[in-house]
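Student: I'd like to practise reading a fold from its coordinates. Could we go through one together, feature by feature?

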Amino acid sequence: MPNLILTTFDWVPEMPRGFVRDLRVRWALEEAALPYRVASVPFNPRDAAHFAHQPFGQVPWLTDGDLSIFESGAILLHLGQRNPELMPTDPRGRNEAMEWVFAALNSVEMPALPWTMFKFTGSFDGSPAVKFVDDFLKLRLKHMETVLATREWLAGSFSVADILMSDVLRVVDKFGGLSEHPACRDYVARATARPAFAKAHADQLAHFAAADAARR
């Protein structure tokens with residue numbers, strides 16, 4: 001039995017499917033061809049055992065032997081440090097990949113997350129708060145456009161940094177937010193064309209589809 005166990009929800013509503021963050025971990029595991037199995041916890045209610053692994057009651061978390069790791073960025077860094085398929089092995093390349101991991105989760109996802117939530121909920125109404133977030137995201141995308149216009153991947157070769165950054169940008173692209181940023185859009189297309197992404201995405205959708213069938 002694989003030592004790596006990825007835990008996600010047993011079911012989620014239709015809208016977030018394909019974007020639940022266990023996909024980031026599935027993708028990394030597929031890229032590195034690491035054996036793993038998927039475990040489930042109830043979407044609702046979330047019990048004390050769930051909070052013992054993930055203090056915010058979210059998913060995913062990864063169990064690696066006697067380690068239990070939560071937050072997708074921390075999980076990907078853990079996997080990247082052990083697998084050259086996921087992170088450069090030279091110090092300069094490794095540092096660059098780690099920089100972009102934090103950039104994806106902080107500098108870019110910080111405005112991208114509220115922007116996509118406004119879109120998801122249909123509340124993109126031109127209010128001052130929405131305009132602030134929209135302008136903030138456009139500024140970050142402007143800088144990312146400059147970076148991605150001159151490189152295929154963020155740290156030389158494909159790495160966990162690209163899994164995280166492309167997944168953040170993928171949600172923005174779903175709502176047309178990359179329409180004026182062709183380099184960002186092409187980057188997302190390159191990343192999601194990888195076979196490991198295709199399998200991870202299909203497996204997540206199949207996982208929740210099976211839950212639908214079990215609930216009938």
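Tutor: Sure. Let's settle one term before anything else: a residue is called buried when its relative accessible area is under 20%, exposed when it is over 50%, and partly exposed in between. Keep in mind too that this is a predicted model.

Student: Let's use that straight away, then. Which residues of helix 4 are buried?

Tutor: Quite a list: Gly 93, Ala 97, Trp 100, Val 101, Ala 103, Ala 104, Val 108, Glu 109, Pro 111, Ala 112, Trp 115 and Thr 116. These buried residues pack against helix 1, helix 3, helix 5 and helix 6.

Student: Where does helix 4 bend?

Tutor: At Glu 109, by about 60°, with a proline, Pro 111, following within four residues. After the helix comes Gly 122, with a positive phi near 70°.

Student: How should I think about the nonpolar side chains?

Tutor: The general idea is that in soluble globular proteins, nonpolar side chains tend to be buried together. Here the largest nonpolar core has 53 residues, and those touching the most other members are Trp 27, Leu 79, Leu 154, Met 165 and Leu 169. At least two residues of this core come from each of strand 1, helix 1, helix 3 (72–80), helix 4 (91–120), helix 5 (128–148), helix 6 (160–174), helix 7 (182–192) and helix 8. There is also a second, separate core of 7 residues, with Phe 9, Val 20, Val 59 and Trp 61 among them.

Student: Take Met 165. What does it touch, leaving out residues up to four places away in sequence?

Tutor: Trp 100, Ala 103, Ala 104, Val 108, Met 144, Leu 154 and Tyr 187. Four of those names should ring a bell: Trp 100, Ala 103, Ala 104 and Val 108 are on the buried list for helix 4.

Student: Now the sheet. In what order do the strands come?

Tutor: Read across the sheet rather than along the chain. This open sheet of 4 strands has the order 2-1-3-4, and the pairing is mixed. Strand 2 (36–41) and strand 4 (67–70) are the edges, each pairing on one side only. Neighbouring strands are turned by 25° against each other on average, ignoring direction.

Student: How does strand 3 pair with its neighbours?

Tutor: With strand 1 (residues 4–9), strand 3 (residues 61–64) pairs in the antiparallel sense over 4 bridges. One bridge joins Thr 7 to Trp 61. With strand 4, strand 3 is again antiparallel, over 4 bridges, and there Thr 63 has Ser 68 as its partner. The hairpin of strand 3 and strand 4 has 2 residues between the strands, and Gly 65 in it takes a positive phi near 65°.

Student: Which residues of strand 3 are buried on each side?

Tutor: Trp 61 and Thr 63 on one side, Leu 62 and Asp 64 on the other, so both faces are covered.

Student: And which helices lie against the sheet?

Tutor: Helix 1 (residues 22–31) packs on it, touching strand 1, strand 2 and strand 3, with its direction at about 155° to that of strand 1. Helix 8 (residues 195–215) lies across strand 1 and strand 2, at about 55° to strand 1.

Student: Is Val 41 in strand 2 buried or exposed?

Tutor: Val 41 has a relative accessible area of 13%, so it counts as buried. Leaving out residues up to four places away in sequence, Val 41 touches Thr 7, Thr 8, Phe 9, Asp 10, His 50, Val 59 and Trp 61.

Student: What should make me look twice at the backbone?

Tutor: Most residues other than glycine have a negative phi, and most peptide bonds are trans. In this model, the bond from Asn 44 to Pro 45 is cis, with omega near 0°, and Pro 45 lies in the loop between strand 2 and helix 2 (48–53). The bond from Val 59 to Pro 60 is cis as well, with omega near 10°; Pro 60 is in the loop between helix 2 and strand 3.

Student: Where do positive phi values turn up outside glycine?

Tutor: Ala 33 has phi near 55°, in the loop between helix 1 and strand 2, and is exposed at 67% relative accessibility. Glu 71 has phi near 75°, in the loop between strand 4 and helix 3, and is partly exposed, with a relative accessible area of 38%.

Terms used: Residues numbered from 1 in each chain as written. Predicted model: local features only at pLDDT ≥ 70, side-chain atom pairs only at ≥ 80, totals over all residues. Heavy atoms only, no water. Pairing = 2+ DSSP bridges. Axes fitted to C-alpha atoms, helices over the stretch in contact; angles between N-to-C directions. Contact = heavy atoms within 4.5 Å. Buried < 20%, exposed > 50% of the residue type's maximum accessible area, 1.4 Å probe, protein only. Core = buried A, V, L, I, M, F, W, Y, C linked by side-chain atoms within 4.5 Å. Bend = angle between axes of the 7 residues up to and from the residue.
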